[in-house]
Amino acid sequence: MNTEITGIIASFLITVLLAIPLGRYIAKVYAGEKTFTDFLSPLERFIYKFCHVDPKKGMGWKEFLKAMLTINLLWLIYAFVLLLFQGHLPLNPDKNPDMPADLTFNTAISFLVNCNLQDYSGETGVTYLTQLFVITFLQFVSAATGIACLVAVFNGLKEKTTKNLGNFWVIFTQTMTRILLPLALIMAILLVFNGTPASFDGKDTITTLQGDTVQVSRGPAAGMIAIKHLGTNGGGWFGANSAHPLENPNYFTNMLEITAQVLIPVALLFAMGIYIRRKKFAYVVFGIMTVGMLCLMLPTVISEIRGNPEITRMGVLQATGAMEGKEVRLGPAASGYWSIMTTIISTGSVNSMHDSSMPVSGLMQMLGMMINSFYGGCGVGFLNYLIYIIIAVFIAGLMIGRTPEFMGHKVEAREVKIAALVTLLSAFVIKGFTALAAYYFVHHANADWAVKPANWLNNPGYHGFSEMLYQFTSTNANNGSGFEGLSDNNPFWNITGGLAMILGRFLPIIGPVAIVGLLAGKKYIPESQGTLKVDSYTFGVMTFAVIIIITALSYFPPLVLGPIAEYLNMH
Amino acid sequence: MKKHILVSLKLTAVFIIICSVIYPLVIAAVARLAPGGGRGQTLPVNGKAVGYANVGQKFDRDNYFWSRPSAVGYNAAGSGGSNKGPTNPDYLKDVQARIDSFLAHNPGVRKDQIPAELVTYSGSGLDPDLSPAGAKIQIPRIAAARHISEQTLRDLVDQHTEHPFVGMFGPSKVNVLQLNIALDNLK
C-alpha cells in the first residue's frame, strides 16, 4: 500500500514542479517575449496572412467574445454534420453506423464545450474519421478557446485602464501552436512507447490461450489520449476511458495522464502571477485551490483504500481496497486521487468506474464538479474562481463598509449581478434538471420513450438518485465523467444533457470576460490604506469561505438525498 | 460579423489539417518504432499470437490461473465495468455467488483469504492483471489439476511478479496471460 501513497504524492509534486517552468514559458508566449519555440513564428505568420488576421489589432471585450462565439458556432455545425453521416464516410474499418440525431446533438455539444460526456462507446459509436476530425479536433480547439478567454481576462487585469483584451485569433493560434500541440506530441509519443495503439488498423480477431475467440478494438488512439488530458477534455478513445488497458497501459502512463490533466490549469495560475505582475495573488489562489483539493481528495483516497464495508461484512480480504470498477495495475489510491483530480479539473476522464466508488468518494467527486474551480479546466477554472472572487470582494466590501474594489477598479452593481447570475445558474441547471429526471422516474416510469424512465437507473435507492444528480452536475460543470450505470443514450438524457452542457459552458465564460472588460474600462484607483488587498491570505480564506457557503446553500439538499444518505445507510 | 465568419472558416480549415491529419500521421509514423508498431503488442505461442500483452483474457478453467470477473466477458470489441453501486443488494448477491463459486473450486481456501479483486469486476472488463496474492491463492488448485508441486508454482508467480514502477510507485502485479503461457511451458 505504501508504494501507492508515494505514487500519488509523486504525481502531485511532479505536476507542480513542471507547472512552474511551464507557467513562466506561457507568460512569455503571451507577452510576446523570446522563447525557444520562436521557430514556429513563420508558421503563425503564414496562418495570420492566410486567414486575413491582423495580429497587431486588439479587440474590446464584446468583439473578443463575438469572435469566440462565431468560430464555436461553426465548429458545432461542422461536428454535427460529420457525426450524422460518419457511417458513409471513409476511415471506418469497423463499419460503425451513422450517429442518431439526438446522440449527435449531445456529442457535438459535448466536445465543443470541452465537456466530453460520452453517451456512446468509443469502440462502436464513432469511426476513426470522427475520432480524429471531430473529437480530437474539438479537444484541441475547445481547450484553446478556454485558455484564450482566460488570457483576455489577464490582459484586462494587467493594465490600469484598457479597452483592449487582445486579439482572439492570435491568442487562440498561439495557444494551439506554442502550448497544446508541442505538449500533446511529446505525450502521445510517450504513450505509444508504453503500448497505446496509434495505427489505423481496425479490430483484430484473436483466439485466446484458453480457446475463446475475441476481438480487440484498436486505432490511432495515442494522439487523442494525449490531448484529452492536456486539454482537460476527458473523452476516451475506448468506452472504459483510462481504465482501458490500451488507453492507460501501466502505472507510468497513469502518472503521465494524471499529471498532464492538472498541468496546464496549474501552470496558467503561475503564468498569471508573472503576466499581470501579481505573483503573490497567484500563489494565494494556488494555495487556496490546493487546500480545497486536499479537503476533497484525502477522504476519497482513505475510503477507497479501506474498501467496501458491505464486502468486508461478507468476510473477503480487501488488502487492495475497494476493487469493484478498479484496475489492479492502478490500485485504489491512484484511482481515488484520479477521481478527484478529474472532477475538480473538469477533465472527466476516469481510470476507475465512479458509479462503483464508495459513497464518500461519490460525494467528493460531485462537490468537486459543483465548485468546479479548484484548479478547474483549461482556462475556465480560473474564470469560475474569478466569479467567487467578485462575490467575496462584494461581501467583504459590505463588511468593511467601503465600495468594493478589485485590482484598482470599483466593482459595481452590474459586475456583481453578472457574478451572481453565473453562480445561481449552475444551481438552477443542476437541481432543475435532476428534479425533472426524478419526476419522470417516479410519476411517468412507464412513459413510452426509447428507454423507459424506470429502466434508466442501474442501481436502486439513494445511489440511483446519485446517478441522475451526478449526470447533471457533470454536464453543467462541463466535466464529462459519469455514474455510467445510467442509461443515458436516449432522447431524454441526450437532449437535457446537451442543454445543460451548453448553458454550463458559455455563460460562465462570457460572464467573467464581461466583468473584467467592464472593470478594465473604468478609471484606475491607486491602492491606499483602506484598499482591500486581494493578494492577502485573509482575502484568500474569505474567498474559500464564500465558496463553501455558496456550495453548501446550493447543493446540500440533493447531496443529502444521494451520497450522504447512502453513506449513513451503509455504516 | 461577416469578417469573423471568414476568419473562422479559414482558421478552422488550417487547424483541421494540423490536428486531424498531420498530428495523427506523425504519431502513427513514430509508433512504427515502438514495440508492436503501434498496433498493440501481441504475445506469441508457437509463432501464433494468442493475445495482447496489455489486454486481459478470460481464464476460468481449473488448470489455469483465473483472471478477474469481467462485465464484458473479456471481449475487447467493447469495454466497461459493472457500474454497480457499493450498496446495491443485487450486486452484493452476485459477489456472494462469486465467493461461493471460488470456494467450491478452491477447496481448503478460507473466505478471508480471497482477495477482493477475484470477486469484483474491473473498470475496463479487460484487466490483464492480478495482485500477487490473487495469483498465489489459486496455486493449490492448479497444482492439483496439473500435478505440479506448489513450490514450482510459487516460484513461477514470483518470477512473473512485476514490482512497482521504479521500485517506488504503484502496486505490484502479475500479468495473467503471461503467467499462464509460462504455466503451459512448464510441461
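For the charge entries in this notebook I count Lys and Arg as positive and Asp and Glu as negative, leaving out His and the chain ends. With that settled, I looked up chain B, which has 20 positive and 14 negative side chains, and I found the centres of the two sets 13 Å apart. I note here that the model is a predicted one, and every value below is computed from it.

**Entry: charges on chain A**

I then turned to chain A, where the mean position of the 35 positive charges and that of the 32 negative charges are 16 Å apart.

**Entry: overall form of chain A**

I went through the secondary structure of chain A and recorded 18 helices together with four strands. The radius of gyration of chain A is 23 Å, and because the globule rule gives 25 Å for 571 residues, which is close, I wrote chain A down as being as compact as a globular protein of that length. Along the principal axes, the box filled by the C-alpha atoms of chain A is roughly 75 × 55 × 50 Å.

I looked up burial next, and 68% of the 571 residues of chain A count as buried. Among the contacts in chain A with a separation of 6 or more, 77% are accounted for by residues 24 or more positions apart. The accessible surface of chain A is about 18700 Å², and 67% of that surface belongs to carbon and sulfur atoms.

**Entry: overall form of chain B**

For chain B I recorded six helices and five strands, which follow the pattern α-β-β-α-β-α-α-α-β-β-α when read along the sequence. I asked myself what radius of gyration chain B has, set beside that of a compact globule of 187 residues. Chain B has 22 Å, whereas such a globule would have a value near 16 Å. The C-alpha atoms of chain B fill a box of roughly 80 × 45 × 35 Å along the principal axes.

I also looked up the domain division, in which chain B is split into domain 1, residues 1-39, and domain 2, residues 42-185. The C-alpha centres of these two domains of chain B lie 40 Å apart.

Of the 187 residues of chain B, I noted that 55% count as buried. Residues 24 or more positions apart make up 58% of the chain B contacts with a separation of 6 or more. Chain B exposes about 7900 Å², to which carbon and sulfur atoms contribute 57%.

**Entry: A:Phe281**

I found A:Phe281 in helix 10 of chain A, which covers residues 279-306, and with a relative accessible area of 2% A:Phe281 is buried. Leaving out residues up to four places away in sequence, I listed the residues that A:Phe281 touches, and they are A:Met272, A:Ile276, A:Phe382, A:Ile389, A:Phe406, A:Met407, A:Val534 and A:Asp535. I also checked A:Phe281 against A:Phe539, which is 258 residues away along the chain, and their C-alpha atoms are separated by 10.0 Å.

**Entry: A:Asn248**

A:Asn248 sits in the loop of chain A between helix 8 (222-230) and helix 9 (251-275), and I recorded a relative accessible area of 0%, so A:Asn248 is buried. Not counting residues up to four places away in sequence, A:Asn248 touches A:Ser242, A:Thr253, A:Asn254, A:Glu257, A:Arg329, A:Leu330, A:Trp338 and A:Asn351.

**Entry: A:Ser426**

I placed A:Ser426 in helix 15 of chain A, residues 413-443. Is A:Ser426 buried or exposed? Its relative accessible area is 19%, and because buried means under 20%, A:Ser426 counts as buried. Apart from its neighbours within four places in sequence, A:Ser426 is in contact with A:Asn476 and A:Tyr555.

**Entry: two Asn residues with positive phi**

I looked up A:Asn116 for its backbone, where phi is near 70°, a positive value in a residue other than glycine. A:Asn116 belongs to the loop between helix 4 (101-112) and helix 5 (122-125) of chain A, and at 1% relative accessibility A:Asn116 counts as buried.

In chain B I noted a positive phi near 50° for B:Asn46, again a residue other than glycine. B:Asn46 lies in the loop that runs between strand 1 (42-45) and strand 2 (48-52) of chain B, and at 81% relative accessibility I entered B:Asn46 as exposed.

Conventions:
Residues are numbered from 1 along each chain as its sequence is written. Chains are lettered from A and ligands numbered from 1 in the order in which they are written. Side-chain values use heavy atoms; hydrogens and water are left out. The radius of gyration is taken over C-alpha atoms; the globule rule is 2.2 Å times the number of residues to the power 0.38. Buried means under 20% relative accessible area, exposed over 50%, partly exposed in between (1.4 Å probe, protein chains only). Contact means heavy atoms within 4.5 Å. Accessible areas come from the Shrake-Rupley method with a 1.4 Å probe; for residues, only the protein chains shown count as cover. The place of a charge is taken as NZ of Lys, CZ of Arg, CG of Asp or CD of Glu. Domain bounds come from an automatic or database domain assignment.
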